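Dear colleague,

I am passing on a structure for you to look through, and my notes on its interior follow below it. Please read them with the model open beside you.

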Amino acid sequence: MHAEDKGINEECGVFGIWGHEKAAELTYYGLHSMQHRGQEGAGIVVSDGSQLKAHKGLGLVNDVFKHANFSTLQGDVAIGHVRYSTQGAKTLENVQPLLFHSQKGSMALAHNGNLVNAYALRSDLEEEGSILQTSSDTEVLAHLIKRNGNEVSEETITEALNQVTGAYAYLILTENQMFVALDPHGIRPLSIGRLGDAYVVASETCAFGQIGAVFEREVLPGELIMIDHGGLISTRFAMREQRKMCAMEYVYLSRPDSDVNHVNVHASRKNMGKELAKEAPSNADIVVGVPDSSTSAAIGYAEESGLPYEMGIIKNRYVGRTFIQPSQELREQGVKMKLSPVRSIIEGKRIVMIDDSIVRGTTSKRIVQMLKKAGAKEVHVRIASPAIQHPCYYGIDMSTRKELIAANYELDEISNLIGADSLAYLSEAGMEKAILIDKTIHQGVCTACMTGRYPLPVDGPKKPFYPACEVR
């Protein structure tokens, strides 16, 4: 599955560090390790104890910071953000962290997720006289915190968080404090690490390894953490609910070397492949994974089935993300540039093609066609997750239901549409078995896009909403 066609284009990344003299530089490296979570914009806000300074821009982390003067970003505290945006919303004003100034001090916010009641909150704020400068729902929280001129504190943040509903991981920075918050269901990933005496916070644990930090623990659902020069203080702004970590973190979004909710992503994907082989075996010669997110699942499928795993598709790592191309024709050319079949491996073979998911089906169709043109005798498609049949309201730019192929066609019809000789999805039970360690309150996944069971209500008028990272 590929971001250019599948519609899964959001998933920003946040990073923060407290108590290191090279805070801005380390934040840069942390963001670089999470570049896969957002490739349209990046930013860093640093505090020297008396003021907040920002550097942000559109593009990849390297592009944004290649001309940055880190000597002007002095301070031992920083937060950073990488984001994805739609093509029409590449505006600097929406690049995070958002920075706000007032007579009572400054505040910066970085957010991963989406507030399902953002539209109603924006309407209330505007009626009260607030003037919002961006189309991002991140700004909503800032106005709620600063309502009536309030200072940024544990109390005002708690009050604001109890007015918002949705999936969110927040980093909030003032001149002398950093706050970390995770929604009561823990839908988005967020972890804490240590680098010597410094505290580090990141969406993915792969960022810790990048800078030499050590993982300490997950941020718990409903937890609010305050970090200052006195140390770390943990409180609760809401009762902890059953954890509902986004299943797509394991299926596609997170890096394989990250641990999400104490589960390694590569290991979970490999287990999904094994469960898939048990549920949907195939009379084939070789197993081929669509790089990169499907490689782990393909290895697991091959091991369980006893079929050899082969690199039948090669990814060109020097091609940019093709979903930013302005026309469908150029997008299709981009896929051809990005993925190449290895003819000598697949010619005359019956192939099991493992992919992590199918959304619209256009990319799957092109890959199947590519394999058959390269001489594959048969292509049996196996998807290492359940069928995606419902929109996501919690921060992933999922296609509308009418664009989801599995919501509109039966299994055999989908198989015919993409040109496969057969098609099978992993069951929900198989996916959960591959991911979950136990059934305690710390475990559990959100499968709303697959099952339609939403952990948070999404009923009411169909008003436009503005995800923190995926803005209109």
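L171 sits in strand β7 (strands are DSSP runs of E with at least two residues, helices runs of H or I with at least four, both numbered from the N terminus). Because its relative accessibility is 0%, L171 counts as buried, a term that stands for under 20% relative accessible area, with exposed meaning over 50% and partly exposed in between, for a 1.4 Å probe and protein chains only. Leaving aside residues up to four places away in sequence, L171 touches V14, F15, G16, I79, A108, L109, A110, F179, V180 and V201, where contact means heavy atoms within 4.5 Å. One of these partners, I79, lies 92 residues away along the chain, and its C-alpha atom is 7.1 Å from that of L171.

Before going further, please note that this is a predicted model, in which local features need pLDDT of at least 70 and side-chain atom pairs count only at pLDDT 80 or more, whereas totals for chains, interfaces and linings use all residues. Residues are numbered from 1 along each chain as its sequence is written, and side-chain values use heavy atoms, with hydrogens and water left out.

Strand β7 (166-173) also appears among the elements that cover the buried residues of helix α5, together with β5 (98-102), β6 (105-115), α4 (118-127) and α6 (154-161). Helix α5 itself, residues 138-145, is mostly covered, with eight of its eight residues buried.

The largest nonpolar core (a set of buried Ala, Val, Leu, Ile, Met, Phe, Trp, Tyr and Cys residues joined through side-chain atoms within 4.5 Å) has 46 residues, and those with the most contacts inside it are M248, Y250, M272, V287, I354, Y394 and M431. Its largest share, six residues, comes from α8. M431 touches A247, V251, M272, P386, L426, T447 and M450, again not counting residues up to four places away in sequence. A second, separate core of 28 residues includes A24, L31, V46 and F65.

Finally, the structure holds three cavities of 30 Å³ or more; a cavity here is a set of points, on a 1 Å grid over the protein atoms alone, where a 1.4 Å probe fits but cannot get out, and lining residues have an atom within 4 Å of a point. The largest has a volume of about 80 Å³, the volume being the space filled by probe spheres set on the points, which are joined across faces, edges and corners. Its lining includes R188, M248, Y394 and C446.

Best regards

Technical notes
On a 1 Å grid over the protein atoms alone, a cavity is a set of points where a 1.4 Å probe fits but cannot get out, and a pocket is an open set with protein on both sides within 12 Å along at least five of seven lines; lining residues have an atom within 4 Å of a point.
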